[in-house]
Each structure stands twice: as structure tokens, then as C-alpha cells.
Amino acid sequence: MIARLAALLGVLATVAACAASPPATAALPDGTSVHTISVGGLDRTYRVYKPAGLPESAPLVVMLHGGFGSARQAEKAYGWNQLADTMKFLVAYPDGVGRAWNTGGGCCGQPSRDGVDDVGFIIATVTEISHAIGVDASRIYATGISNGGIMAYTLACHTGMFAAIGPDAATQLDPCSSPHRTSVMHIHGTGDQNIRYNGGRGAGVAHIDGPPVPQVNAFWRNVDHCAPPTTSTERRVTTSTAECPDNRSVVLMTVDGGGHEWPQFATSTLWRFFAAHAD
């Protein structure tokens, strides 16, 4: 009798706990919230933007700031929150140690010197957000500018978590011996002096010396077993698009004369690309 009563009380407690649990989308407040997580012995911070009216299972975009940037700066600068309000997806803004990311290939700054595990941090960030709210695991994306864009490539080299990446004004420095198949949209200006479109040592503090951008694009076309690309030009932008199996694609958008910048069209264009690709 006592055993049966204990079992019944256990069931009732479980039911009560379930009834008290908020819906997944209520576990994070609407708007921007700031979070701290411990990874590799370091306390790391990230910001999350949750639009009102988010569905139970929503896409997640991870926006990686550039060198000398920050999560707060990236949230203000690139217009992702405003687009998320309309299209109903989450945006995460992680903070790099010393305002930079350890991308491999000797880049960049303190994270590279100290061997900071930024891949582990970003994976942990996505995992924590996914536990707190209803994230669609097949629609998780990473984008970034400059050092953050290089980090997006590093993520694709080391984890299959991301259905697509969208580097801007970036290159690939990681040797990427075991790349994960993913869709890629790379945006780059031919006049970029910091990360040169045609490869070689760039200007700026980091003096990033990467391969030519078209070579990086060809690398991912090979990874994804893509068909030969087709090209089109509209005003200053030439777009090379390669269709690949499993609804993947690899795209290079070349901005004639464009500098080391986030073009005005980048956010909406990247979102349309992301929305068309799921794992």
C-alpha cells in the first residue's frame, strides 16, 4: 500500500511539473536577453533576440561579429533583429574573447594566442538556446563579417550543426581536413584591402593572408558535389550559383569595387538563402 501511494505521488508530481512548465517559446523573453555560459574554463557571453509571436519551432541565425566588434555592435549594425520581427526567427550574437575569434590558421589576436575553443563555445551557445526554446534543428545558420565570416567557415569545417553559412568579407584559413556538407553563400567585394578577393596578405592589423575567394568557393562546391556554376550579373554584383545534391547550393556574390564591408543587401539576401536550405 505504501509503495503504491509513493508511486502515485510520484506520478502526480511529474504531472504537476509538466503542467507548470512553460511552452518552449516562453522560456526566453521577447526582445534581447544576455546570457553567460562556461566553456573551456572561461565565462562566455552571448545575446539572443527573440521576436514576439515566434512559432514553436523556429530557425536560428548565429551572427558573428568581426574583429574589434562585439555582440552588442553586431546586433545594432546589421539589421537582423528587424528582419527577425517580420520573418519570425531567432538571432544569436556571441561575444568573442578580446573582440576576436580563434578561426585557425593563426587568426586572430588573443583567441588564437590562447587557443580559445570558439567552436565549442558557439556549439554550446546553440545547444543552450535550443534547450531553452523551440529551435528547428534542421534550420540553424551561421553568418559573420571579416573575422566572424572566417569563423563561419571554421564552424562548417568542424561541426555539422549548420544547414548553411553566409560569410561576408571573409576567407577560409582552417585547413578543413574533414568538412561537413553545408550550403554556402559568400559575399565579397573586389576592392577589399583587408581580406583580398584574389588572395594574399591583406592590410589592416591582422594582415590576413588567405586563398583567393573563388578558390574557397570551388572547395565547397567540391565538398557538396555540386554541378558546374551558372553566373548572372545585376549592376555591380555578379552571382555564381552551383546547385548540389540534397537541396544544397554554393553561391558566390562578387561586388565589383566593393570594400571590406557588409553590403546593404546582405542581410535580406542571406536570409532568403538560409530560408531555402534546411538539413
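**Salt bridges, disulfides and two buried hydroxyl residues**

Lys-50 pairs with Asp-30 in a salt bridge, with 3.4 Å between the closest N and O atoms; the term covers a side-chain nitrogen of Lys or Arg within 4 Å of a carboxyl oxygen of Asp or Glu. This pair links distant parts of the chain, since Lys-50 sits in strand β2 (residues 42–50) and Asp-30 in the loop between α1 (2–20) and β1, 20 residues apart. Helices (H or I, at least four residues) and strands (E, at least two) are DSSP runs here, numbered from the N terminus. This is a predicted model, so local features need pLDDT of at least 70 and side-chain atom pairs count only at pLDDT 80 or more, while totals for chains, interfaces and linings use all residues. Residues are numbered from 1 along each chain as its sequence is written, and side-chain values use heavy atoms, with hydrogens and water left out.

The two partners of that bridge come out differently in accessibility: Lys-50 is buried, with a relative accessible area of 6%, whereas Asp-30 is partly exposed at 49%. For these labels, buried means under 20% relative accessible area, exposed means over 50%, and partly exposed is in between (1.4 Å probe, protein chains only).

As general background, side chains of opposite charge can pair when their charged atoms come close. The structure holds six salt bridges. One of them joins Arg-47 to Glu-75, with the closest N and O atoms 2.7 Å apart. Arg-47 belongs to strand β2 and Glu-75 to helix α2 (residues 71–77), so this bridge ties together parts that are 28 residues apart in sequence. Here both ends are out of reach of the probe by the cut-off used: Arg-47 is buried, and so is Glu-75.

Arg-139 and Asp-136 make another salt bridge, the closest N and O atoms lying 2.8 Å apart. Arg-139 is partly exposed, at a relative accessible area of 26%, and Asp-136 counts as buried at 18%. Further along the chain, salt bridges link Asp-246, Arg-248 and Asp-279 in a network.

Then there are the cysteines. A disulfide is a covalent bond between the sulfur atoms of two cysteines, picked up here as a pair of cysteine sulfur atoms within 2.5 Å. The structure holds three disulfides. With the bonded cysteines of the protein numbered in sequence order, the pairing reads 1-2, 3-4, 5-6.

Cys-107 is joined to Cys-108, with an S to S distance of 1.4 Å. The torsion about this S-S bond of Cys-107 and Cys-108 is about -55°, so the disulfide is left-handed. Cys-107 is buried, with a relative accessible area of 3%, and Cys-108 is buried too, at 10%.

In the disulfide of Cys-157 and Cys-176, the sulfur atoms are 2.0 Å apart. The S-S torsion of Cys-157 and Cys-176 comes to about -110°, so this disulfide is left-handed. Cys-157 lies in helix α6 (residues 147–158) and Cys-176 in the loop between β6 (164–168) and β7 (183–189), so the pair ties together parts that are 19 residues apart in sequence. Cys-157 and Cys-176 are both buried.

Cys-226 and Cys-244 form a disulfide as well, with their sulfur atoms 2.0 Å apart. This link between Cys-226 and Cys-244 is right-handed, with 80° about the S-S bond. The pair links distant parts of the chain, 18 residues apart: Cys-226 is in the loop between α7 (213–223) and β10 (230–234), and Cys-244 is in strand β11 (residues 237–244). Both Cys-226 and Cys-244 are buried.

Two hydroxyl residues round out the picture. Ser-33 has its place in strand β1 (residues 31–39) and counts as buried at 11% relative accessibility. The Ser-33 side chain makes a polar contact with the side chain of His-35 at 2.7 Å; such a contact is a pair of N or O atoms within 3.5 Å, where, within protein, one must be able to donate a hydrogen and the other to accept it, and residues adjacent in sequence count only if both atoms are side-chain atoms. Setting aside neighbours within four places in sequence, Ser-33 is in contact with Leu-28, Tyr-46, Arg-47 and Val-48, where contact means heavy atoms within 4.5 Å.

Thr-125 lies in helix α5 (residues 118–132). Thr-125 is buried, with a relative accessible area of 2%. Not counting residues up to four places away in sequence, Thr-125 touches Ile-37 and Tyr-46.
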